[in-house]
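Let's take a walk through this fold together, one neighbourhood at a time. Have the viewer ready, and follow along as we go.

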Amino acid sequence: MRKLLLIFAICFLYTASAQQPFDKKLVLKQMILANDYFMQKWPETGKTIITNKERPSNIWTRGVYYEGLMALHQIFPKEAYYDYAYSWSEFHKWGFNSGNTTRNADNYCAAQTYIDLYNLEPDSKKLKNTRANINMLLNTAQLDDWSWIDAIQMGMPVFAKMGVLEQDNRYFEKMYQMYMYSRNKHGDNGLFNPKDGLWWRDADFDPPYKEPNGQDCYWSRGNGWVIAALAKVLTIIPENAPHRDQYVKDLKTMAAALVPIQRPDGFWNVSLHDPTNFGEKETSGTALFIYGIAYGINSGILKKEIYVPIVQKAWNAITTESLHTNGFLGFLQSTGKEPKDGQPLSYDKIPDFEDYGLGCFLLAGSEIYKMK
């Protein structure tokens with residue numbers, strides 16, 4: 001009897017410790033550390049980004065960073081964060097790379113931050129270009145713009161935010177039509193594989209394309225973009241918004257697919273189904289998965305007992321193995337479209353762009369911070 005009681009006590013203590021909440025102060029400290037590193041490195045928000053060529057600072061990589069910064073500002077509304085985002089927006093005159101007629105979601109990703117800043121302090125100049133660009137997309141019949149899955153995250157939340165701001169379901173409907181075109185029609189039969197619960201990056205990677213081990217090619221960060229988009233859209237749109245059930249269903253399907261392929265160390269591989277083909281750990285995809293799954297937990301879509309340990313393991317992996325003491329993030333894959341791009345990865349290697357990886361990290365941390 002005493003032996004049974006002892007076993008019960010050990011199991012109880014183990015379960016209790018496994019279910020302890022995150023240390024919110026530590027999570028916030030880690031986010032601030034990483035963000036301070038970047039803001040100190042890039043004090044001039046309008047400074048061009050020079051890698052293999054010179055690019056303006058309102059491209060998608062910086063747009064994703066500001067998504068993360070605004071998420072940090074939401075939980076820790078420091079004036080310096082608002083000023084940094086405002087300065088960037090002002091420098092670019094609240095506009096987009098390639099102007100107001102661009103159909104490339106990478107270009108109008110910046111609108112996510114413009115709308116957030118408008119909501120904090122309305123001023124018509126902030127949304128003049130956003131309204132022009134998104135209304136052009138809204139009022140044309142074309143649906144096939146998001147032909148690569150990264151674009152779903154760059155563009156989809158903009159439509160969601162505009163639908164709420166304008167109280168107009170047309171934005172929600174257009175967003176759904178464009179999302180479903182990517183899901184079911186691009187490539188041979190759509191970019192989503194319901195059998196595996198994951199997405200091919202674009203039509204170049206759907207069957208018959210295979211990884212060296214014979215499996216389908218599912219790129220970590222690409223799938224991260226999609227689950228992050230679903231999570232973000234679900235945080236934005238009303239409970240009674242049209243097609244909400246579709247996004248919930250797809251988020252649940254993706255989350256379930258990610259559980260069995262998480263690495264023992266908490267990361268996810270660059271190549272999700274082939275650990276022999278650049279299958280090492282990677283920060284940006286892992287951070288996006290944390291964000292999407294953590295939102296699912298917080299919203300009640302995903303079961304805590306299954307998914308909290310997944311998130312705990314992943315966040316611990318990033319903050320102990322990727323995050324440097326000065327705030328730099330290692331094991332971050334450079335820009336690209338597939339597992340082989342930007343390889344090899346390491347703790348100290350600087351990717352071609354540091355901004356989007358930090359944005360992913362801040363999104364993940366912000367959702368963990370909200371956990372009860």
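What follows looks at a pair of helices, a histidine in one of them, and then another helix further along the chain. Keep in mind that this is a predicted model.

Let's begin with helix H3 (residues 60–75) and helix H4 (residues 79–91), whose axes come within 10 Å and cross at roughly 150°. Angles over 145 degrees count as roughly antiparallel, so that is how H3 runs relative to H4. The crossing of H3 past H4 is left-handed. On the H3 side, the contact is made by Arg62, Gly63, Tyr65, Tyr66, Leu69, Met70, Leu72 and His73, while H4 contributes Tyr81, Tyr82, Tyr84, Ala85 and Trp88. By character, the residues of this contact split into 10 nonpolar, two polar and one charged.

Now zoom in on His73, which sits in helix H3. Is His73 buried or exposed? Its relative accessibility is 10%, and because buried means under 20%, His73 counts as buried. Leaving aside residues up to four places away in sequence, His73 touches Lys78, Tyr81, Tyr82 and Leu120. Ser366 is 293 residues away from His73 in sequence, yet their C-alpha atoms are 9.2 Å apart in space.

Finally, move along to helix H12 (residues 283–299). At 1.5 Å a residue, its 17 residues should span 24 Å, and the end C-alpha atoms are indeed 24 Å apart, so the two values agree. Of those 17 residues, 15 are buried, so H12 is largely enclosed by the rest of the structure. Just after H12 comes Gly300, with a positive phi near 85°.

Notes. Residues are numbered from 1 along each chain as its sequence is written. This is a predicted model: local features need pLDDT of at least 70, side-chain atom pairs count only at pLDDT 80 or more; totals for chains, interfaces and linings use all residues. Side-chain values use heavy atoms; hydrogens and water are left out. Axes are lines fitted to C-alpha atoms, for helices over the stretch in contact, and angles run from 0 to 180 degrees between N-to-C directions. Helices (H or I, at least four residues) and strands (E, at least two) are DSSP runs, numbered from the N terminus. Angles under 35 degrees count as roughly parallel, over 145 as roughly antiparallel, 65 to 115 as roughly perpendicular and the rest as oblique. A crossing is left-handed if the near helix is turned anticlockwise from the far one by less than a right angle, and right-handed if clockwise. Contact means heavy atoms within 4.5 Å. Ala, Val, Leu, Ile, Met, Phe, Trp, Tyr, Cys and Pro count as nonpolar, Asp, Glu, Lys and Arg as charged, and the others, Gly among them, as polar. The expected span of a helix is 1.5 Å times one less than its number of residues. Buried means under 20% relative accessible area, exposed over 50%, partly exposed in between (1.4 Å probe, protein chains only).
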